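Hi,

Here is the structure I said I would pass on. Have a look at it first, and then read on for my notes.

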Amino acid sequence: MSGIMRWLSGGEKRALWPWQLGVGMNDSVTGRTVTPESAIASTAVWASVRVISESLATLPLNVYERMDRGRELRRGHPLYPILHDAPNPKQTAVEFREQQLAALLLWGNAYALIERWPSGRVRWLWPMRPDRVTVRTDVTDERAPLPGLVYQYQSGFANTVNYPATEILHVRGLSSDGLVGLSPITVHRQAVEVEQAEREFAGRFFGNNARPGGILKTQGRLSADAATRLKASWEN
């Protein structure tokens with residue numbers, strides 16, 4: 001469980017599909033607000049994210065060179081120790097991939113800042129909190145054949161840093177605009193919302209010794225025998 005709970009994060013969503021517009025099948029049915037932070041408390045969400053992220057994170061990630069006769073493993077490639085062993089001094093490769101996969105499963109986007117040596121070669125990969133990342137199209141240079149992407153990162157209190165796309169490793173999930181992925185939690189928030197409401201109701205019910213509150217009333221006055229039978233029936 002090393003990577004999942006150290007962060008819970010998300011990215012900017014561009015509302016193009018019905019569930020992003022907040023209409024249709026995903027309208028709130030309980031009045032609850034569902035976010036990745038709250039959704040991870042759901043047993044089903046937690047189990048799904050844990051099993052998928054941990055299982056895929058432990059798969060080997062090697063660097064190969066494509067040859068005429070097939071492919072060959074390249075342990076001496078500069079990216080091999082970063083992808084296979086440790087992407088940064090604070091995480092193992094498995095922890096990093098688990099964290100990135102959990103972000104993808106919860107928010108639909110996984111971001112990592114690429115730190116380079118002066119030569120331009122990749123030195124480290126640092127995970128970024130998706131809830132602090134905003135992806136925008138850079139249209140300041142009209143001479144550019146295609147507008148690039150700018151990643152705005154909220155690094156601290158009111159401190160925003162802009163990174164070009166060449167400095168960010170961005171893995172998108174299913175996307176409606178090609179810029180950011182769709183959050184599975186947003187798409188399926190109604191199911192998570194109902195599950196959380198059911199869990200809360202059950203907790204309060206059993207916290208009250210499984211006794212529903214209320215008062216029984218009748219139109220007329222009950223005899224002692226009728227009142228006894230009614231009480232026994234209700235308790236049964």
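How many helices and strands make up the secondary structure of the chain? The chain has eight helices and eight strands. Keep in mind as you read that this is a predicted model.

First, the chain as a whole. It has 236 residues, and 28% of them count as buried. The accessible surface comes to about 15,100 Å², with 57% of that belonging to carbon and sulfur atoms. If you take the contacts with a separation of 6 or more, 61% of them are between residues 24 or more positions apart.

Now for the pair of helices I spent some time on, α3 and α5. Helix α3 covers residues 43-57 and helix α5 covers residues 93-107; their axes come within 8 Å and cross at roughly 140°. Are they antiparallel or oblique? Only angles over 145 degrees count as roughly antiparallel, so at roughly 140° α3 and α5 are oblique to each other. The crossing of α3 past α5 is right-handed. On the α3 side, the contact is made by V45, V49, I52, S53, E54, L56 and A57. The α5 side brings V94, R97, E98, L101, A102, L105 and L106.

A few more things about α5 itself. Its 15 residues should span 21 Å at 1.5 Å a residue, and the end C-alpha atoms are indeed 21 Å apart. The buried residues of α5 are A93, F96, R97, E98, Q99, Q100, A102, A103, L106 and W107, so charged side chains such as R97 and E98 are on that list as well. Just after the helix, G108 takes a positive phi of about 85°.From the α3 side of that pair, V49 is worth a look. V49 sits in helix α3 and is buried, with a relative accessible area of 5%. In sequence V49 and A103 are 54 residues apart, while their C-alpha atoms are 9.2 Å apart in space. A103 is itself among the buried residues of α5.

Next, M128, which lies in strand β4 (residues 122-128). Is M128 buried or exposed? Its relative accessible area is 7%, which makes M128 buried. Leaving out residues up to four places away in sequence, M128 touches Y111, A112, L113, V133, Y153, Y163 and I168. One of these, L113, is 15 residues from M128 in sequence, with 6.7 Å between the two C-alpha atoms.

Then there is V63, placed in the loop between α3 and β1 (64-67). V63 is buried too, at a relative accessible area of 11%. Which residues does V63 touch, not counting those up to four places away in sequence? They are E72, L73, R74, H77, L79, Y80 and L83. For R74, eleven residues from V63 along the chain, the C-alpha separation is 5.6 Å.

Last, helix α8, residues 224-235. Its twelve residues reach 17 Å from the first C-alpha to the last, close to the 16 Å expected at 1.5 Å a residue. α8 is hardly covered, though: the count of buried residues in it is one.

Cheers

Notes. Residues numbered from 1 in each chain as written. Predicted model: local features only at pLDDT ≥ 70, side-chain atom pairs only at ≥ 80, totals over all residues. Heavy atoms only, no water. Helix = DSSP H or I, 4+ residues; strand = E, 2+ residues; numbered from the N terminus. Buried < 20%, exposed > 50% of the residue type's maximum accessible area, 1.4 Å probe, protein only. Contact = heavy atoms within 4.5 Å. Areas by Shrake-Rupley, 256 points an atom, 1.4 Å probe, with all protein chains shown as cover. Expected span 1.5 Å × (residues − 1). Axes fitted to C-alpha atoms, helices over the stretch in contact; angles between N-to-C directions. Parallel < 35°, antiparallel > 145°, perpendicular 65-115°, else oblique. Left-handed = near helix turned anticlockwise from the far one by under 90°.
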